[in-house]
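Biologist: Could you take me closely through one part of this model, the surroundings of the ligand, and then carry on from there into the rest of the chain? I would like a connected account that I can follow with the structure open.

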Amino acid sequence: MVSRVIPVEPFDLVIFGATGDLARRKILPGLFRRFASGQMPEEARIIGAARSAMDTDSFRQIIRDALQEFMPSSAKTPDLVDTFLERLAYVTVDAMGSAGWEELAGLVRKDVVNAFYFSVAPSLFGALAERLHSFGIAHDNTRIVVEKPFGHDLKTAQALNNSLAAHFTEKQIYRIDHYLGKETVQNLMAIRFGNMLFEPLWNAQFVDHIQITVAETVGVGGRGSYYDQSGAMRDMVQNHLMQLLCLIAMEPPSRFEPDAVRDEKLKVIRALDSVEPHHIVRGQYDAAEGVASYREDVDNPRSRTESFIAMRCQVSNWRWAGTPFYLRTGKRLSARASEIAVVFKETPHSIFQEGDGVSEHRNILTIRLQPNEGIEMGVTIKEPGPGGMRLVDVPLDMTFADALGPDVEDVPDAYERLIMDVIRGNQTLFMRGDEVEAAWAWTDPLIDSWTARHDVPKLYDQNSSGPVDASALIQRDGRRWRDIRT
Ligand code: NAP
């Protein structure tokens with residue numbers, strides 16, 4: 001079922017921050033899977049770079065341990081791991097100093113694709129970009145990959161864009177939002193623009209509303225000091241939820257090409273209305289038995305940062321006038337579940353009698369990002385068997401794991417797909433600088449407004465679906481949130 005893997009061009013991929021959490025948990029295991037699938041050509045090399053002094057053997061051991069910890073055992077054999085590790089090298093490099101740069105310059109081959117993954121704190125991005133140039137490593141075809149967070153607000157995002165633009169063109173910069181690398185998210189575009197079935201209905205006339213939910217069960221973990229400066233709006237809405245909203249709401253691009261897609265996404269962000277304060281609910285998780293509260297987790301008893309946010313947004317254009325987009329995301333909720341639900345309107349007139357079994361005849365298209373990536377369409381049918389015309393809602397389900405059978409492990413995870421796109425030079429699933437700035441331009445006034453009002457987030461129970469006010473937000477419109485469930 002899964003198509004044949006086509007190897008990419010030979011490359012040198014340098015990962016700055018190769019000893020860090022993201023590199024060990026996501027980037028290198030992802031690269032291993034692409035290697036195991038045969039997508040990585042023999043000449044491909046991965047060069048780890050970080051500040052810690054160590055040799056290549058020690059680095060390989062760190063990555064061997066990481067593969068052991070973060071990869072299911074079925075996906076690897078000792079031989080495969082050994083061959084993969086042979087492609088790894090390590091250089092001690094200080095992003096802020098001159099140590100290691102000459103050695104790195106001598107190592108990177110100019111006759112293959114060169115990509116540099118900045119898996120380090122954003123405060124180092126500018127210094128890395130500058131040194132790649134001053135040490136003669138970068139050339140016209142060099143690609144750089146930058147991680148989130150891309151700025152803290154519009155001003156810092158602009159400064160970051162400027163510091164990268166001083167050394168690289170927009171075509172060389174790949175801003176990662178790993179939500180865009182998810183199979184289902186790309187499938188959303190395939191479904192919308194590859195079928196005649198949905199697109200004619202994809203507008204305010206037929207869609208009642210849209211819900212986008214990204215629910216997590218974890219708290220802020222060890223990221224407390226970062227998170228308390230950020231909150232759910234900056235950490236999740238400004239990037240991930242906004243990107244999902246764009247893919248749902250955008251007009252069909254003329255081609256599935258980077259700038260055509262990104263132009264359409266940008267138009268959506270620019271068409272987003274500001275959100276009235278009464279259409280935003282912010283929350284903080286309360287303490288539970290034996291489990292700390294948000295404020296305890298971030299060690300800030302007076303924190304006003306939100307670990308939950310729900311909001312009602314409006315895209316002001318012809319397609320979506322009057323169709324609300326309800327967004328919500330939060331931590332310590334009842335399940336780890338992310339989905340987009342497109343809720344279609346009720347039929348204009350019901351030919352069935354009350355009591356026929358279904359009170360509302362609504363079709364819902366659900367795009368599940370996690371768990372069990374897949375797409376489900378709820379349709380109303382006749383309940384089989386005797387008893388007259390009784391109606392029942394059933395899902396037309398396309399869970400990828402079911403559809404793809406035993407090959408499902410070969411479906412690349414978001415990071416591995418995106419890294420391969422960098423090597424292929426395809427920017428379609430990466431955010432352009434103006435998109436990021438437009439997203440901040442929409443986000444900043446909302447944050448400024450609740451900060452100026454001294455808004456205090458509502459407490460919510462752990463293992464719940466968030467503050468009660470979030471339910472009221474949507475119930476006021478005669479609608480309700482879908483259950484958060486795995
Ligand atoms: P981390 O665990 O703190 O790792 C940071 C890495 O940067 C380490 O390898 C460190 O090497 C290296 N480093 C620090 N200072 C350096 C310098 N002056 N020169 C060269 N290397 C230096 O961070 P992380 O969690 O992996 O996150 C990396 C980036 O990804 C951040 O921008 C983060 O926001 C983003 N991100 C992370 C996640 C995640 O799940 N972890 C998710 C989304 C985005 P030494 O230890 O040798 O100094």
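**From a buried glutamine to the ligand and beyond**

Modeller: Gln186 has its place in helix α7, which spans residues 183–194, and in this predicted model its relative accessible area is 17%. Because the limit for a buried residue is under 20%, Gln186 counts as buried. The side chain of Gln186 is engaged in a polar contact of 3.2 Å with the side chain of Arg417.

From that starting point I turn to the ligand. The ligand is surrounded by 21 residues, of which Thr19, Asp21, Arg25, Ser52 and Val120 are the closest. Sorted by class, this shell holds ten nonpolar, five polar and six charged residues. Among the contributing elements, helix α1, residues 21–36, gives the most to the shell, with three residues.

Three polar approaches can be followed atom by atom. In the side chain of Thr19, an N or O atom is 2.6 Å from an oxygen atom of the ligand. The backbone takes part as well: a polar backbone atom of Val120 is 2.7 Å from an oxygen atom of the ligand, while a polar backbone atom of Ala95 is 2.8 Å from a nitrogen atom of the ligand. As for the surface of the ligand, it exposes 890 Å² when taken alone, and the protein buries 73% of that area.

Next comes the nonpolar interior. The largest nonpolar core has 112 residues, and the members that touch the most others are Ile15, Leu28, Leu31, Phe84, Tyr117, Met311 and Trp442. Helix α8, which covers residues 224–249, gives the most to this core, with 13 residues. Domain 1 (11–147) and domain 2 (180–475) both supply residues to the core, and therefore the core lies between them.

Another polar side chain that deserves a close look is that of Arg175, a residue of strand β6, residues 173–175. Arg175 has a relative accessibility of 1% and so counts as buried. Two polar partners can be named for its side chain: a polar contact of 2.7 Å joins the side chain of Arg175 to that of Glu170, and a polar atom of the Arg175 side chain lies 3.1 Å from the backbone oxygen of Met431.

The backbone geometry also calls for attention at several points. Most peptide bonds are trans, and most residues other than glycine have a negative phi. Against that background, the peptide bond from Lys148 to Pro149 is cis, with omega near 0°. Pro149 belongs to the loop between β5 (143–146) and α6 (154–165), and with a relative accessibility of 25% it counts as partly exposed. Pro149 and His240 are 91 residues apart along the chain, and their C-alpha atoms are separated by 11 Å.

A cis peptide bond also joins Gln370 and Pro371, where omega is about -10°. Pro371 is found in the loop between β12 (364–370) and β13 (374–382), and Asn372 has its place in the loop between β12 and β13 too. Asn372 has a phi near 50°, a positive value in a residue other than glycine. Its relative accessibility is 51%, and because the exposed class begins over 50%, Asn372 counts as exposed.

A positive phi, of about 55°, is also found at His454, although His454 is not a glycine. The loop that holds His454 runs between α13 (433–452) and β15, and at 54% relative accessibility His454 counts as exposed.

Further along the chain, Asn463 lies in the loop between β15 (458–460) and α14 (468–475). With a relative accessibility of 57%, Asn463 counts as exposed. Asn463 is 178 residues from Tyr285 in sequence, yet the two C-alpha atoms are 9.2 Å apart in space.

To return to the part you asked about, the picture to keep in view is a shell of 21 residues around the ligand, to which helix α1 gives the most, with polar approaches from the side chain of Thr19 and from the backbone of Ala95 and Val120.

Technical notes:
Residues numbered from 1 in each chain as written. Predicted model: local features only at pLDDT ≥ 70, side-chain atom pairs only at ≥ 80, totals over all residues. Heavy atoms only, no water. Near = heavy atom within 4 Å. Polar contact = N/O pair within 3.5 Å; in protein donor to acceptor, adjacent residues only side chain to side chain. Areas by Shrake-Rupley, 256 points an atom, 1.4 Å probe, with all protein chains shown as cover. Helix = DSSP H or I, 4+ residues; strand = E, 2+ residues; numbered from the N terminus. Nonpolar A, V, L, I, M, F, W, Y, C, P; charged D, E, K, R; others polar. Core = buried A, V, L, I, M, F, W, Y, C linked by side-chain atoms within 4.5 Å. Buried < 20%, exposed > 50% of the residue type's maximum accessible area, 1.4 Å probe, protein only. Domains from an automatic or database assignment.
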